[in-house]
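Please examine the sequence and the three-dimensional structure shown below. The report that follows treats the ligand site and then the backbone.

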Amino acid sequence: MNSYTITVEPLGREIECREDQTILDACLRNGVWLPHSCTHGTCATCKAEVLDGDVDHGGSSTFALMDFERDEGMLLPCCAQPRSDVTIQADIDVDEDLEMHPVQDYAATVLSLEEIAEDTRRLVIELDREMAFNAGQYLKFQVPGTGADRTYSIANPPTETRRLEFHIRRTPGGVATDGWIFRSLAVGDPVSVSGPYGRFVLHTGDDRAAVLVAGGTGLAPLKSMIRHALENDAYAGHLTLYQGARTQAWLYDVEEMQRLEKEYPDRFTYRPCLSEEIVDGFGSGLVTEVTEAENATLRGHAGDLCGPPRMVEAALKTLMGKRLFPRDIYREDFFDEGDRATGGVRSPLIKR
Ligand SMILES: Cc1cc2nc3c(=O)[nH]c(=O)nc-3n(C[C@H](O)[C@H](O)[C@H](O)COP(=O)(O)OP(=O)(O)OC[C@H]3O[C@@H](n4cnc5c(N)ncnc54)[C@H](O)[C@@H]3O)c2cc1C
Ligand code: FES
């Protein structure tokens, strides 16, 4: 197998990359932190410029990397593989308060798999060794027998380094969910994962009040952040979580969030919201409508949004309407293969 030298500017760092490996993967495994989000060629976050050399663009979506951009020498490092020595120019913006941990492969075992809501499972795995990660990051799971991998956010805080929790929503017809996790995966099964990936993380050096908006299993990375902030004193600002679902049957971990709210009343506020059911104590309407109605302004806050791309986009508009600047909003879109095929590029306003 050939391997090539990748030079990353403006850092001037050189790393080796196999011809069957993506440039992002080689960088993250060698401690070179490139911006990225979906790692599947959908969001365009990682877009960079080829200064020299040839690449194969692999599975880059034609929406995230248009034909004219390919002609102009742009690439998505999360999909591009080298065909010669390559020099790229990347837009590197490392948060000084965060230590980024190199990606590694892990062998894991399924410890538990339980139904927690309609079409939603909690998966707990044990890694073969400890993994360092930041609250909010995710892992890639190899889907057995398919050659495909899928990404799932870690829901526990980074102080729990071997036993990891995930929340997984079933996608009808989905390779990983319908074809594996909701069909044949069982306690005791081996699982191959790699990570940690992503930069949707708890900004531990910040002390602003933050509003967190979760749709469906978008709760997972936010739960990791909330638990880390409260239980490990990792964040000084007040957190308010808006968690949305259609009905109570689709909502999960309500009691755990209510318990945290009771335990940390000055630091955490919890607002579960239902859009198709009216229940005492729950916000009524879409999670974005409740966030909109309950806040005259959010000036000075930070925002963290996670869930299906359409919900994230709507929540982004809501927060901006409440006077948050784009630079103060962080987002994790749960893009899937359908989004890659049909165009799931994120709003150009938000680079985080
Ligand atoms: C950073 C990140 C973190 C994530 N974290 C989580 C998480 O914590 N929990 C969670 O539940 N999900 C999460 N996701 C989503 C998850 O990675 C999967 O995308 C999701 O589980 C669906 O995978 P699947 O293999 O079951 O479906 P896929 O096989 O990917 O199919 C998804 C949908 O796309 C359609 N489709 C497939 N191929 C095409 C095509 N060529 N053209 C048109 N349509 C097509 C399928 O019919 C299906 O409807 C995350 C995604 C990202 C990017
Ligand atoms: S991280 Fe490369 S396109 Fe999303």
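## The pocket of ligand 1

In this predicted model, ligand 1 occupies the largest pocket. The shell around the ligand consists of 23 residues, and those that come nearest are Arg 150, Thr 151, Tyr 152, Ala 176 and Thr 177. Sorted by class, this shell contains 9 nonpolar, 8 polar and 6 charged residues.

## Elements that form the shell

Which elements each supply at least two residues of the shell around ligand 1? They are strand 11 (148-153), strand 12 (163-169), strand 19 (329-333) and helix 8 (337-342). Strand 11 provides the largest share, with 4 residues.

The shell can also be described by domain. Domain 2 (104-197) and domain 3 (210-342) each contribute at least three residues to the shell around ligand 1.

## Polar contacts and cover

Oxygen atoms of ligand 1 take part in several contacts with the protein. A polar atom in the side chain of Thr 177, a residue already listed among those that come nearest, is 2.5 Å from an oxygen atom of the ligand. For Thr 217, the distance between an N or O atom of the side chain and a ligand oxygen atom is 3.1 Å. Phe 335 takes part through its backbone: one of its backbone N or O atoms lies 3.4 Å from an oxygen atom of ligand 1.

How much of the accessible area of ligand 1 does the protein cover? On its own, the ligand has 980 Å² of accessible area, and the protein covers 77% of it.

## Backbone features

Most peptide bonds are trans, and most residues other than glycine have a negative phi. Against this background, three places in the chain deserve attention.

Two peptide bonds that precede a proline are cis. One runs from Glu 9 to Pro 10, with omega near 10°; Pro 10 belongs to the loop between strand 1 (3-9) and strand 2 (13-18). Another runs from Gly 195 to Pro 196, with omega near 0°, and Pro 196 is part of strand 13 (residues 190-197).

The remaining place concerns phi. Thr 39 is not a glycine, yet its phi is positive, at about 60°. This residue, Thr 39, is located in the loop that joins helix 1 (23-29) and strand 3 (48-52).

Conventions. Residues are numbered from 1 along each chain as its sequence is written. Chains are lettered from A and ligands numbered from 1 in the order in which they are written. This is a predicted model: local features need pLDDT of at least 70, side-chain atom pairs count only at pLDDT 80 or more; totals for chains, interfaces and linings use all residues. Side-chain values use heavy atoms; hydrogens and water are left out. A residue is near a molecule or strand if one of its heavy atoms lies within 4 Å of it. A polar contact is a pair of N or O atoms within 3.5 Å; within protein, one must be able to donate a hydrogen and the other to accept it, and residues adjacent in sequence count only if both atoms are side-chain atoms. Accessible areas come from the Shrake-Rupley method with a 1.4 Å probe; for residues, only the protein chains shown count as cover. On a 1 Å grid over the protein atoms alone, a cavity is a set of points where a 1.4 Å probe fits but cannot get out, and a pocket is an open set with protein on both sides within 12 Å along at least five of seven lines; lining residues have an atom within 4 Å of a point. A molecule sits in a cavity or pocket if more than half of its atoms lie within 2 Å of its grid points. Ala, Val, Leu, Ile, Met, Phe, Trp, Tyr, Cys and Pro count as nonpolar, Asp, Glu, Lys and Arg as charged, and the others, Gly among them, as polar. Domain bounds come from an automatic or database domain assignment.
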